[in-house]
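Colleague: I'd like a close look at one single part of this model, in plain words for a first-year student. Please start wherever you like and follow the neighbours from there.

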Amino acid sequence: MRFDVLTLFPEMVENYFQYSILKRAVEGGIVTVNTINPRDYTENKHKKVDDIPYGGGAGMVLMPQPYVDAYTAIKKQENSTTIMLSPQGEPLTDKIVNELAEYEQIIMLCGHYEGFDERIRNIIKPREISIGDFVLTGGELPALCLIDSVSRKIEGTLGRIESADEDSFSNGLIEYPQYTRPRDFRGYKVPEVLLNGNHKDIKEYRYQQSLERTKIKRPDLYEKYKKDHPEI
């Protein structure tokens with residue numbers, strides 16, 4: 001998987017891949033992350049990439065020329081898609097993450113200030129994705145969220161690909177509670193069912209725990225799951 005990120009702050013993106021699982025994925029050649037700075041493509045001698053909005057208003061708007069030219073310069077693979085990180089986009093879900101993991105290349109546009117000149121959307125025609133109904137200073141954090149979540153679905157990123165299958169949302173439910181040593185910590189004990197070695201019982205216990213947690217913490221997901229599984 002190759003990720004190409006158009007960003008005014010490349011270091012924000014690059015530094016994230018110096019740690020943990022994604023560092024190993026990059027070092028192992030499982031994922032590749034490239035940053036492209038639109039300032040390197042601007043025709044403005046002062047490296048300016050933004051200007052005041054037509055019609056007035058607060059803030060600055062990202063100019064089309066640097067972004068369109070930077071995007072055009074990226075070598076596109078046949079199986080690629082382009083994402084604009086935007087509060088106007090469709091909410092990022094595990095279903096979308098699974099869809100994106102089927103691509104060989106994902107190109108991402110990170111905005112700043114008052115956002116993109118509309119002609120960037122008109123020319124590039126990206127898929128717009130949001131990580132929530134709130135506004136951030138820039139698109140780098142959403143881009144990192146997307147890269148992280150998609151990378152986990154790629155064979156070799158995790159020690160066992162099955163680990164991703166057990167994450168919250170992978171089956172429509174919140175993940176069951178997890179325990180490790182010691183068996184008894186300040187009076188809180190590990191449930192006995194997890195100690196008896198009966199894998200069938202453990203699987204059923206975890207499923208029921210996932211159901212109960214989802215019902216309490218995410219009733220919206222629970223109702224959706226119940227429609228698809230009327231037997232529960």
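Modeller: Let's start with Glu 90, which is partly exposed, at a relative accessible area of 32% (buried is under 20%, exposed over 50%, partly exposed in between, with a 1.4 Å probe and protein chains only). Keep in mind that this is a predicted model: local features need pLDDT of at least 70, side-chain atom pairs need 80 or more, and totals for chains, interfaces and linings use all residues. Numbering runs from 1 along each chain as its sequence is written, and side-chain values use heavy atoms, without hydrogens or water.

So who does Glu 90 pair up with? Its side chain meets that of Arg 127 in a salt bridge, at 2.6 Å from N to O (a Lys or Arg side-chain nitrogen within 4 Å of an Asp or Glu carboxyl oxygen). Glu 90 sits in strand E5 and Arg 127 in strand E7, so this pair ties together parts that are 37 residues apart in sequence (helices, H or I, have at least four residues and strands, E, at least two; both are DSSP runs numbered from the N terminus). Arg 127 also counts as partly exposed, at 23% relative accessibility. The story doesn't stop at two residues: Glu 90, Glu 99 and Arg 127 are linked in a network of salt bridges.

Now look at another pair, Glu 128 and Arg 121. Their side chains meet in a salt bridge too, at 2.9 Å from N to O. Arg 121 counts as buried, with a relative accessibility of 11%.

What comes just ahead of E7? Between helix H5 (118-124) and E7 there is a loop that holds Lys 125. Lys 125 is exposed, with a relative accessible area of 65%. Its backbone is worth a glance as well: Lys 125 is not a glycine, yet its phi is positive, at about 55 degrees. Most residues other than glycine have a negative phi. On the other side of E7 (127-130), the loop running to helix H6 (140-151) contains Phe 134, which is partly exposed, at 44% relative accessible area.

Follow that loop on into H6 and you can pick out Ala 143, which lies in this helix. Ala 143 is buried, with a relative accessible area of 1%. Apart from its neighbours within four places in sequence, Ala 143 is in contact with Leu 85, Met 108 and Cys 110 (contact means heavy atoms within 4.5 Å). Its C-alpha atom is 9.8 Å from that of Leu 6, although the two residues are 137 residues apart along the chain.

Let's go back to E5, the strand we began with. E5 covers residues 80-91, and Thr 81 is one of them. Thr 81 is buried, at 13% relative accessible area. Leaving out residues up to four places away in sequence, Thr 81 touches Leu 100, Tyr 103, Gln 105, Ile 106 and Ile 107.

One last bit of context: the whole structure has 10 salt bridges. Among them is Arg 2 with Asp 4, where the closest N and O atoms are 2.8 Å apart. In that pair Arg 2 is partly exposed, at 24%, whereas Asp 4 is buried, at 1%.
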